[in-house]
Each structure stands twice: as C-alpha cells, then as structure tokens.
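Biologist: I am new to this structure and would love a close look at one part of it. Could you walk me through it step by step?

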Amino acid sequence: MLTRSEFVRFVRAARLAVVATANAQSQPEAALVEVAVTEAGELVFDSKSEARKVRNIALSPRVALVIGWNESVSVQVEGKADILAGADRSAYGQVFESQFPGSRALQEDFALIRVAPDWLRYYDARPDSFSVAEGMWA
C-alpha cells in the first residue's frame with residue numbers, strides 16, 4: 001500500500017484526476033479535474049459553481065476518483081467530498097493555488113471541493129512490476 005507521503009507525491013506528479021459523482025437519479029457522471037493534495041492526503045479540486053459535479057456533491061457527498069494513468073499506474077480513491085466556504089475555502093484555496101499557480105479556484109463563480117479519502121487502490125499494470133494493493137493508511 002502507498003504511504004501517505006507516497007500518495008502525496010503521486011498526486012502532485014499526476015496533477016489530473018477523473019472524479020465520479022452521482023446525480024439526483026443516482027446516475028453516474030464523471031469529469032476530468034486538476035487535483036491538488038495536502039500533506040495530510042486530502043484532495044482539492046475546483047469547478048465552475050454551476051457544474052453538475054458541484055450539484056451532485058451537494059446532494060450526495062460520496063465521490064470516487066481515478067488519479068494517474070500514464071505508464072499503466074493509477075490510484076483509485078473513494079471518500080467524502082465537501083464544498084468549501086469561509087476560512088476553509090481560503091486555506092484550501094492557497095493549497096490549490098500553490099500547486100496550480102494562476103488558477104481560478106478562488107474566483108467568485110468557482111467552487112472549491114475537498115475530498116477526504118477513506119479508501120485507496122494502487123494499481124500498477126506494468127509487466128515488470130505488476131501489483132495491486134488496497135486499503136487505507138495506518
């Protein structure tokens with residue numbers, strides 16, 4: 001299993017994720033997002049406030065993400081998402097801005113979303129190092 005610091009390095013190198021949410025009819029919806037990560041392993045992404053994923057998270061905060069897919073290595077993540085406001089929005093916005101300088105994350109018409117992972121699956125499909133591990137940090 002990845003350590004927390006290995007996960008943080010992986011996310012910072014990958015920079016992109018596909019996030020999956022469910023709409024009001026429980027139908028899946030997926031979107032590509034730029035994803036930042038805190039030292040604690042929390043994921044942070046932004047979106048236009050009126051985007052479907054923001055509405056979906058407000059209705060049902062469980063999300064899944066796939067991070068990285070280059071070189072046949074990825075990490076699947078499941079967790080609870082929340083739409084940030086106030087001091088949290090400002091603090092996590094600084095994290096996002098530090099990893100994506102010049103982003104629009106803190107503009108008024110953008111939402112900032114934090115995901116607290118509660119399950120990870122590391123998948124390495126390279127022939128010389130095939131491995132699969134799932135769980136959470138100790």
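Which residue in β2 is the bridge partner of alanine 22?

Modeller: Happy to help! Please keep in mind that this is a predicted model. The bridge partner of alanine 22 is proline 28, in β2. That bridge belongs to the pairing of strand β1 (residues 16-22) with β2, which is antiparallel and runs over seven bridges. Together β1 and β2 make a hairpin, with five residues between them. In its turn sits serine 26, whose phi is positive, at about 65°.

Now follow strand β2 (residues 28-34) along its length. In a regular strand the side chains alternate between the two faces of the sheet. Here Glu29, Ala31 and Val33 point to one face and are buried, while Pro28, Ala30, Leu32 and Glu34 point to the other face and are not buried.

One residue on the buried face deserves a second glance. Glutamate 29 has a relative accessible area of 12%, and buried means under 20%, so glutamate 29 counts as buried. Its side chain is charged, and glutamate 29 forms a salt bridge with arginine 52, with 3.4 Å between the closest N and O atoms. Because glutamate 29 lies in strand β2 and arginine 52 in helix α2 (residues 52-59), the pair ties together parts that are 23 residues apart in sequence. Arginine 52 itself is partly exposed, at 46% relative accessibility. So this salt bridge links a buried glutamate 29 to a partly exposed arginine 52.

Terms used. Residues are numbered from 1 along each chain as its sequence is written. This is a predicted model: local features need pLDDT of at least 70, side-chain atom pairs count only at pLDDT 80 or more; totals for chains, interfaces and linings use all residues. Side-chain values use heavy atoms; hydrogens and water are left out. Buried means under 20% relative accessible area, exposed over 50%, partly exposed in between (1.4 Å probe, protein chains only). Helices (H or I, at least four residues) and strands (E, at least two) are DSSP runs, numbered from the N terminus. Two strands pair if DSSP finds at least two bridges between them. A salt bridge is a side-chain nitrogen of Lys or Arg within 4 Å of a carboxyl oxygen of Asp or Glu.
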